[in-house]
Amino acid sequence: MRAQSSATAAPRIAVAAPERERPGFGTLQAALGVVAFSLTFPATAWGLEGFGPWSLVAVRSVLAALIAGGALLALRVPLPARRHWPGLAVVAAGVVLGFPLLTTLALRTSTTAHAAVVVGLLPLTTALCSALRVGTRPSRTFWVAALAGAAAVAAFTVQQSGGALTTADLYLFAALLVCAAGYTEGGRLARVMPGWQVIGWALVLCLPLTVPVAALALAHEPWQLTAHSVTGLLWVAAGSQFVGLVVWYRGMAAIGIPKASQLQLAQPLLTLVWSVLLLGEHLTAAAPLTAAAVLVCIAVTQRARG
């Protein structure tokens, strides 16, 4: 009886401790993920200078899968339980394939600044998916602040585009849906396995598709190795597709999907800065006003309790 009591007590300590110790660190990890993601669009624009859209997306996924697969093999990580594979497939479809492809297609005709602001609606979309899938119920204050942040982003988008939706906008809106589903499922899985393993297995799961697509795309699309194209490819593969998602999923597991998703309200603003510094794009006077509104919304959502 004594052995049984100690055995049952240990799991309680192991499960409860991370929740008490990790929220602050989880916020930091989620924020680092946002910084990594904010560089994705400028890096994609650089990559498109030397690669076609299909080549860029497929090759970045293959490279990221090789990094993740090498880490999984080196650490001898066992295969996930069978019940986790459907969730990993959702992560793969949304985060590894869907979002990169749709946003890359959009960036052929859209500026990174415009695309970044449209994708600024991702936090609200993710919070909605989380409420439907995981059953989270954030407070009314949380939802008011989240909707206000989304409204600020939407107003900025309308002002920038003159109120007309383009094909690029349709690609971006579709990217919002698939990415929100992938984030939600990845955040759920990151509660039962390390976040880096979630994205690692999702990347490996896509290899049977991404390897032949990469070979076909490179054979049919013109490509050229330049400093910008190689740098952009390496960043979206290693930084955005793997390292960024690792810390992002760890952060979501620690502080919850809704609160972590609201940190992404800062992502389009960071991308606007990178678009000026790295791509030489020009911003309008509305950007600082949007930045102020979004930062206020972030502060409110982080204080609100679900």
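Is tryptophan 85 buried, partly exposed or exposed? Select this residue in the predicted model, in which residues are numbered from 1 along each chain as its sequence is written. Local features here need pLDDT of at least 70, side-chain atom pairs count only at pLDDT 80 or more, totals for chains, interfaces and linings use all residues, and side-chain values use heavy atoms, with hydrogens and water left out.

Tryptophan 85 has a relative accessibility of 26% and therefore counts as partly exposed (buried is under 20% relative accessible area, exposed over 50%, partly exposed in between, with a 1.4 Å probe and protein chains only).

Now display the aromatic rings, of which the structure holds six pairs (rings of Phe, Tyr and Trp, the last by its six-membered ring, pair if their centres lie within 6.5 Å; planes under 30 degrees apart are stacked, over 60 edge-to-face, the rest tilted). Add tryptophan 201: its ring centre lies 6.1 Å from that of tryptophan 85 and the planes meet at 70°, so the pair is edge-to-face. The two residues are 116 residues apart, tryptophan 85 in helix 5 (residues 85-106) and tryptophan 201 in helix 10 (residues 195-220), where helices are DSSP runs of H or I with at least four residues, and strands runs of E with at least two, numbered from the N terminus. Tryptophan 201, at 10% relative accessibility, counts as buried.

Move next to phenylalanine 142 and tryptophan 143, an edge-to-face pair with 5.8 Å between centres and 90° between planes. Phenylalanine 142 is buried at 2%, whereas tryptophan 143 is partly exposed at 21%. Then select Phe37, Tyr183 and Trp248, which form one aromatic cluster.

Finally, zoom out to the whole protein, with its 14 helices and zero strands.
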